[in-house]
Amino acid sequence: MLVLVAPGQGAQTPGFLTDWLALPGAADRVAAWSDAIGLDLAHFGTKADADEIRDTSVAQPLLVAAGILSAAALGDISGLAPGAVAGHSVGEITAAVFAGVLDDTAALSLVRRRGLAMAEAAAVTETGMSALLGGDPEVSVAHLERLGLTPANVNGAGQIVAAGTMEQLAALTEDKPEGVRKVVPLKVAGAFHTRHMAPAVDKLAEAAKALTPADPKVTYVSNKDGQAVASGTEVLDRLVGQVANPVRWDLCMETFKELGVTAIIEVCPGGTLTGLAKRALPGVQTLALKTPDNLDAARELVAEHTQA
């Protein structure tokens, strides 16, 4: 069984959209999205530097656009016939497109509002996120709580991402949990999926009122608790609330396992989630769509693992 997944913020790198825009029709499609949301996606995906695309209000629409574009290059979603779809953090909006819950324009309008609201919330207090490499999750979570930090992403494969104020994160670097090899600051501009994002929830809920979600056409696995969600309205509600609540990617991967996953394809800019899957789901084939050069191998994987 094939699972199609979409990465979250921090996966972006300068120029990562360049090769994808060279595909037939891609530039026109991205230009239309840019006009719809008032953001030059082509510029930020090809010419902007690391600091520019670290901006939450830019990074989030850029990631969703890249995910949709790369999946479309792979093939029509009905032809791909994945057994399930999921996304990490903002990647959940990309996954909602894959599942047919939202169309492209609705998803990009929502993520534009999400990025702006989260950037505004992040500006209130200087906050950030850092990944903990190694260590026992239970020990690490207890240690984070003592420092006043939130385990904002519980990613599985032993990886936890802490979020909080910059002072709290600096204290974490000096005082790592037992067994943690390294604390790595992430390329994000705030403490996402924590109480610091609470002001963004109301603004996103208001934006969501304008949308009419459809029920998922394929199994949609939610970050909230790793559960499959069958109602489009519930998917949208979860997308709103998840902004200020931890991502449980570990539980998503447990659900993939229960569903019988045999292969995972991560859309552009892939690499993060397939890396986690290699450690947490041994025996499952993985492929990251980094550039169009990966498309042929991805199509072979689709043919081999698509449900009949």
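How many bridges pair strand 3 with strand 6, and in which sense do the two strands run? Let's start there, and keep in mind that this is a predicted model. Strand 3, residues 127-134, pairs with strand 6 over five bridges, and the sense is antiparallel. If you want a spot to click on, try S130, which stands opposite P185 in strand 6.

Okay, zoom out a bit. Those two strands belong to an open sheet of four strands, ordered 4-5-3-6, with antiparallel pairing. At the edges you've got strand 4, 150-156, and strand 6, 180-185, and each of them pairs on one side only. On average, neighbouring strands in this sheet are turned by 25° against each other, ignoring direction. Then there's helix 10, residues 166-174, which packs on the sheet and touches strand 3, strand 5 and strand 6. The direction of helix 10 makes about 135° with that of strand 5, which covers 159-165.

Now for the other sheet. This one is open too, but it has six strands, in the order 8-7-2-1-9-10, and the pairing is mixed. Strand 8, at 228-229, and strand 10, at 285-288, sit at the edges with a single partner strand each, so one side of each has no neighbour in the sheet. Inside that order, strand 1, residues 2-6, runs parallel to strand 9, residues 263-266, and four bridges join them. Here the residue to look for is V3, opposite I264 in strand 9. Helix 13, residues 249-259, lies across strands 1, 2, 7 and 9, and runs at about 150° to strand 7.

Right, helices. Helix 2, residues 26-37, packs with helix 5, residues 56-74, at an angle of about 150°, and their axes are 11 Å apart. Anything over 145 degrees counts as roughly antiparallel, and that's why helix 2 and helix 5 get that label. The crossing is right-handed.

Who's actually meeting whom? From helix 2 we have A26, R29, V30, W33 and I37, and from helix 5 we have P61, A65, I68, L69 and A72. Sort the residues of that contact and you get nine nonpolar, no polar and one charged.

Hang on to R29, though, since we'll meet this residue again. The side chains of R29 and D104 form a salt bridge, 2.4 Å from N to O. D104 is in helix 8, residues 104-122, while R29 is in helix 2, so the pair links distant parts of the chain, 75 residues apart. In total, the structure holds eight salt bridges.

Key
Residues are numbered from 1 along each chain as its sequence is written. This is a predicted model: local features need pLDDT of at least 70, side-chain atom pairs count only at pLDDT 80 or more; totals for chains, interfaces and linings use all residues. Side-chain values use heavy atoms; hydrogens and water are left out. Two strands pair if DSSP finds at least two bridges between them. Axes are lines fitted to C-alpha atoms, for helices over the stretch in contact, and angles run from 0 to 180 degrees between N-to-C directions. Contact means heavy atoms within 4.5 Å. Angles under 35 degrees count as roughly parallel, over 145 as roughly antiparallel, 65 to 115 as roughly perpendicular and the rest as oblique. A crossing is left-handed if the near helix is turned anticlockwise from the far one by less than a right angle, and right-handed if clockwise. Ala, Val, Leu, Ile, Met, Phe, Trp, Tyr, Cys and Pro count as nonpolar, Asp, Glu, Lys and Arg as charged, and the others, Gly among them, as polar. A salt bridge is a side-chain nitrogen of Lys or Arg within 4 Å of a carboxyl oxygen of Asp or Glu.
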